[in-house]
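Here's a walk through the cross-links, charge pairs and one sheet of a protein chain. Keep the viewer open while you read.

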Amino acid sequence: MKLKKQVTVCGAAIFCVAVFSLYLMLDRVQHDPTRHQNGGNFPRSQISVLQNRIEQLEQLLEENHEIISHIKDSVLELTANAEGPPAMLPYYTVNGSWVVPPEPRPSFFSISPQDCQFALGGRGQKPELQMLTVSEELPFDNVDGGVWRQGFDISYDPHDWDAEDLQVFVVPHSHNDPGWIKTFDKYYTEQTQHILNSMVSKLQEDPRRRFLWAEVSFFAKWWDNINAQKRAAVRRLVGNGQLEIATGGWVMPDEANSHYFALIDQLIEGHQWLERNLGATPRSGWAVDPFGHSSTMPYLLRRANLTSMLIQRVHYAIKKHFAATHSLEFMWRQTWDSDSSTDIFCHMMPFYSYDIPHTCGPDPKICCQFDFKRLPGGRINCPWKVPPRAITEANVAERAALLLDQYRKKSRLFRSNVLLVPLGDDFRYDKPQEWDAQFFNYQRLFDFFNSRPNLHAQFGTLSDYFDALYKRTGVEPGARPPGFPVLSGDFFSYADREDHYWTGYYTSRPFYKSLDRVLEAHLRGAEVLYSLAAAHSRHSGLAGRYPLSDFTLLTEARRTLGLFQHHDAITGTAKEAVVVDYGVRLLRSLVNLKQVIIHAAHYLVLGDKETYHFDPEAPFLQVDDTRLSHDALPERTVIQLDSLPRFVVLFNPLEQERFSMVSLLVNSPRVRVLSEEGQPLAVQISAHWSSATEVVPDVYQVSVPVRLPALGLGVLQLQLGLDGHRTLPSSVRVYLHGRQLSVSRHEAFPLRVIDSGSSDFALSNRYMQVWFSGLTGLLKSIRRVDEEQEQQVDMEFLVYGTRTSKDKSGAYLFLPDGEAKPYVPKEPPVLHVTEGPFFSEVVAYYEHVHQVVRLYNLPGVEGLSLDISSLVDIRDYVNKELALRIHTDIDSQGIFFTDLNGFQVQPRRYLKKLPLQANFYPMPVMAYIQDAHKRLTLHTAQALGVSSLKDGQLEVILDRRLMQDDNRGLGQGLKDNKRTCNRFRLLLERRTVGSEVQDSHSTSYPSLLSHLTSMYLNTPALALPVARTQLPGPGLRSFHPLASSLPCDFHLLNLRTLQAEEDTLPSVEMALILHRKGFDCGLEAKNLGFNCTTSQGKVALGSLFHGLDVVFLQPTSLTLLYPLASPSNSTDVYLEPMEIATFRLRLG
């Protein structure tokens, strides 16, 4: 009672301080002696006085904000320590809806006004090249350009190089896909190992030779199979600059579907491996094959301390435009950057491909004659019918002149007289004969060139080229050369010719795109729990008992996730057998990560750590779900209840405390659920349906709202028995629409079968009322409880066909036969409408899709959006794609927004001048449309293709089944479809009065609620039952790893234990990676039901971890290769909005 009084007093104090502060502010402004009432005609001096007053007012607001924050923290401490009254029970009202009483705890939403300034933007100069504007202005005509078909004739004057020599760098490279036509292992055995073995001997034959390599996954496998002598030779070749490892990631990742956690993780894995084994630190990025380029990559490479990068697959019309305006080399800058700190120098290759015919100059017929692997008698030849000729004394002058003409023409497209000429292709240089043919013939050409004036040619690496360019232009490596343009934006969507847009792969094989994200969420959760368990066990002197050997499982999972980011893996563009190989690897790592999580949770949840005993044969905890094979959906674990109580450990992988619904499957409807303290909890119990009309016998779903600590563990106890007040059954209505079907019943649950009838119906919670069509079971509208007006949110399924002409859709390309047609089911759907105290849902059972829309009756994030899942099965489709479209009355004016890699949001414009398929974009985590009043965001748990083809619409492609190859080298269609569950959240937000939509901006940001909604969707809480064989006991304690909550614009991206010098052992150090998110304050944020404070980018890491001290803290580059400052005693850190920062951390 005493505590309750204290809480009330503190609450009143907050109110008083706020009112008093505002009064003081107004008082100061009103009694300003310099303020004149002169009708608003301010002289200049008074405008500056007014500005000062406004600044003072802002300062006072800031002080006020800080005072309230302090009081708020005190109140939070009090409420956290207060033993709250028993949870109030939900009750059923007369009008037939459930009411859940509000929580007794107060919740805060306290955002510093300064933190709202960022999203308003407007700082810094505008870049010369903004890609959205470029796309709007380009005609995208496909005019025949002569020998360079997609370009133009290039002319030059031989005297152009009189003042400055042309300096040519020929860069031999071999592009090795870690899986595409063959599996990773098959490629390694049959090709890659031979390339790398030949490389060691052939580079050592002549110190003038150079070679470029990118994929560390292959390099690491080869390294494990070579002897010490060969390893020493490789280190020498890296040391003397003959061999360059470019980018240094585990793979060359896809940039459309990959999530930034996985992009960073595969970069760290590659960089750490290179540092440990070769002592190499990559300087330049090399991305010749990803199908379009994201602006997230230049940000990550710059933060990893790379200074330059190269890209290749960009729309041919953009290449032509950039070539004509000498813009193929530019500083790539992030849209929010006001001081060029994110700039990285980027080279865009000008022609069709990265192969040899398209890299020496504009004429592939001539360039092909200088690919000496194609000499007559070999296995491949030149499609242009003129073969290469070996270089001899007799023909060198004539051949050199022909090649030099190409070099000079290519050079005219760039601003400097330094020229890059890549020399390679897929899996090249796998035989010693090819090394000899290329290197001997080119060296003869170089010797001839170098005996002439105005020209110098040599073999080089990518960094050799960039270094020479910086030297020529007189700037430091990575600095902006004078006159070179600045660019912001991205390079989606990609077309390589005609209207062949590579927008199909944004959805291809969605089953594995989803599995990728499940693995990612488990990896992050396992990394964090393992790092905390290892630190706590060392702190308690129990490290000897803890299975630190789990580190090898973490390493394998990091590498599996990294491998799957490859641009033929997550893209869904590999052969069927290769897809199976990836799937088996993903599943094996998922199973291993569940073990790592279970072992860490077991240790951390024990009240008395001395009782901890690790027994791999008898795990303390069970997994939450299992998958029977790599292509099966998960099956949730059923908890068997008997006379003894069962315990469940709940893991919340979010860095924020969360109030969520946890659903468990049990074997009896007679179940009581108790909190950790033994307090009975209210639960909703439902039948578990296997189909539209069948329930699963002896399996029931129990759903309980729980509050879980940030990054922590909670405990629930389950008992057999009925608590009539707290075990609340769901009621179900089944609409059969005239179909003659029998529906199973269960005496525990009220069930109404409605044979016919199709009137619309609504579900509601404390925030909204949601209307559904009685005919289709799909969403129709949403009305917020505080508004009269309904918002149209009409859903429908659609089907795209493919063209009848020669070019058809395939794994890469989307070539529809016109606009989508409505999905017409053979029979009307069976509808299930479930209602209960904590959630209600509508399930529409169609032949090809089961759509579930669930509304949580909970305060906060869970209750503010709709949970949607689509179980899709199109295995009987022939050349069709299934889409979900949402129609609203939002006046979006042709603009929509999609995220890039879950890291940033990119505005898009529907371009009528382009074909339909060109207007699709990748959607890894969200897409939204908005007008002056509303924003509708579709959050997704898996990457899919998205568009807005008309104002007020959003549509997403759910799955695609295509019977033929699309002529991009795969040689297969997409016929291995699986039953796939696509998961979404639909969030409707209202703009606050006076917060204008930033119109002319190239940037847009989600709200904090939107960020959190995305996190809830992508990192679900894990429910781990304590094994039946374990003695239950009071020995389980919830685990609260964080002593204070992180500001809610911060995301703890990873807490990754680093590797010790010994290959398989963990180090005592870890990488802490934090991301401060950019957010839009202009969307309403009242009654959010979650505690949320921002701190202007400041975090006190020293007091963050409960029971552990920060012993060592050092800011480093993104991948930990470069210390950014010496370790200091201060553990306070600061991040700018949008920044990702890595720290080397030791906890003790």
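A salt bridge here is a side-chain nitrogen of Lys or Arg within 4 Å of a carboxyl oxygen of Asp or Glu. With that in hand, take D289 and R313: their side chains meet in a salt bridge, at 2.8 Å from N to O. D289 sits in the loop between β8 and α9 (296–303), while R313 is in the loop between β9 (308–311) and α10 (316–324), 24 residues apart. Both D289 and R313 are buried. Bear in mind that this is a predicted model.

**More charge pairs**

How many salt bridges does the count come to? By the rule above, 69. As general background, side chains of opposite charge can pair when their charged atoms come close.

A pair between two helices is D436 with K202, whose side chains meet at 2.9 Å, N to O. Since D436 belongs to helix α13 (residues 432–450) and K202 to helix α5 (residues 184–204), the salt bridge ties together parts that are 234 residues apart in sequence. The two ends are not equally covered: D436 has 23% relative accessibility and counts as partly exposed, whereas K202, at 9%, counts as buried.

Then there's R283 with D467, a salt bridge at 2.6 Å, N to O. This one links the loop between α8 (260–277) and β8 (284–287), home of R283, to helix α14 (residues 462–473), home of D467, and the partners are 184 residues apart. R283 is partly exposed, with a relative accessible area of 36%, and D467 is partly exposed too, at 28%.

Some of the salt bridges share partners, and these join D371, K373, R374, R428, D430, K431 and E434 into one network.

**The disulfides**

A disulfide, in general terms, is a covalent bond between the sulfur atoms of two cysteines. The count for this model is 4 disulfides. If you number the bonded cysteines of the chain in sequence order, the pairing reads 1-7, 2-3, 4-5, 6-8. Here are three of the links, with S to S distances and torsions about the S-S bond:

| Disulfide | S to S | S-S torsion | Handedness |
|---|---|---|---|
| C116 and C1081 | 2.1 Å | about -85° | left-handed |
| C368 and C382 | 2.0 Å | -100° | left-handed |
| C1048 and C1092 | 1.8 Å | 55° | right-handed |

C116 and C1081 form a disulfide with sulfur atoms 2.1 Å apart. The link joins helix α3 (residues 113–120), which holds C116, to the loop between β48 (1066–1076) and β49 (1092–1093), which holds C1081; the two cysteines are 965 residues apart. Is each end buried or exposed? C116 counts as buried at 18% relative accessibility, and C1081 counts as partly exposed at 29%.

For C368 and C382, the sulfur atoms are 2.0 Å apart. Both cysteines are in the loop between α11 (364–367) and α12 (396–411), 14 residues apart. C368 is buried, and C382 is buried as well.

The right-handed link is the one between C1048 and C1092, with 55° about the S-S bond. C1048 lies in the loop between β46 (1022–1025) and β47 (1050–1059) and C1092 lies in strand β49, so the pair ties together parts that are 44 residues apart in sequence. C1048 is buried, with a relative accessible area of 8%, and C1092 counts as buried at 1%.

**A four-strand sheet**

Now for the sheet. Strands of a sheet pair through backbone hydrogen bonds, either parallel or antiparallel. Which order do the 4 strands follow? They form an open sheet in the order β47-β48-β53-β51, with antiparallel pairing. The edge strands, each pairing on one side only, are β47 and β51 (1110–1116). From one strand to the next, the twist averages 25°.

Inside the sheet, β48 and strand β53 (residues 1140–1147) run antiparallel and are joined by 6 bridges. One bridge pairs H1075 with I1140, the latter in β53.

Two helices come into the picture as well. α8 lies across β47, β48 and β53, running at about 25° to β47. Helix α16 (residues 550–564) packs on the sheet and touches β47 and β48, with its direction making about 120° with that of β47.

Technical notes
Residues numbered from 1 in each chain as written. Predicted model: local features only at pLDDT ≥ 70, side-chain atom pairs only at ≥ 80, totals over all residues. Heavy atoms only, no water. Disulfide = S-S within 2.5 Å. Buried < 20%, exposed > 50% of the residue type's maximum accessible area, 1.4 Å probe, protein only. Pairing = 2+ DSSP bridges. Axes fitted to C-alpha atoms, helices over the stretch in contact; angles between N-to-C directions. Contact = heavy atoms within 4.5 Å.
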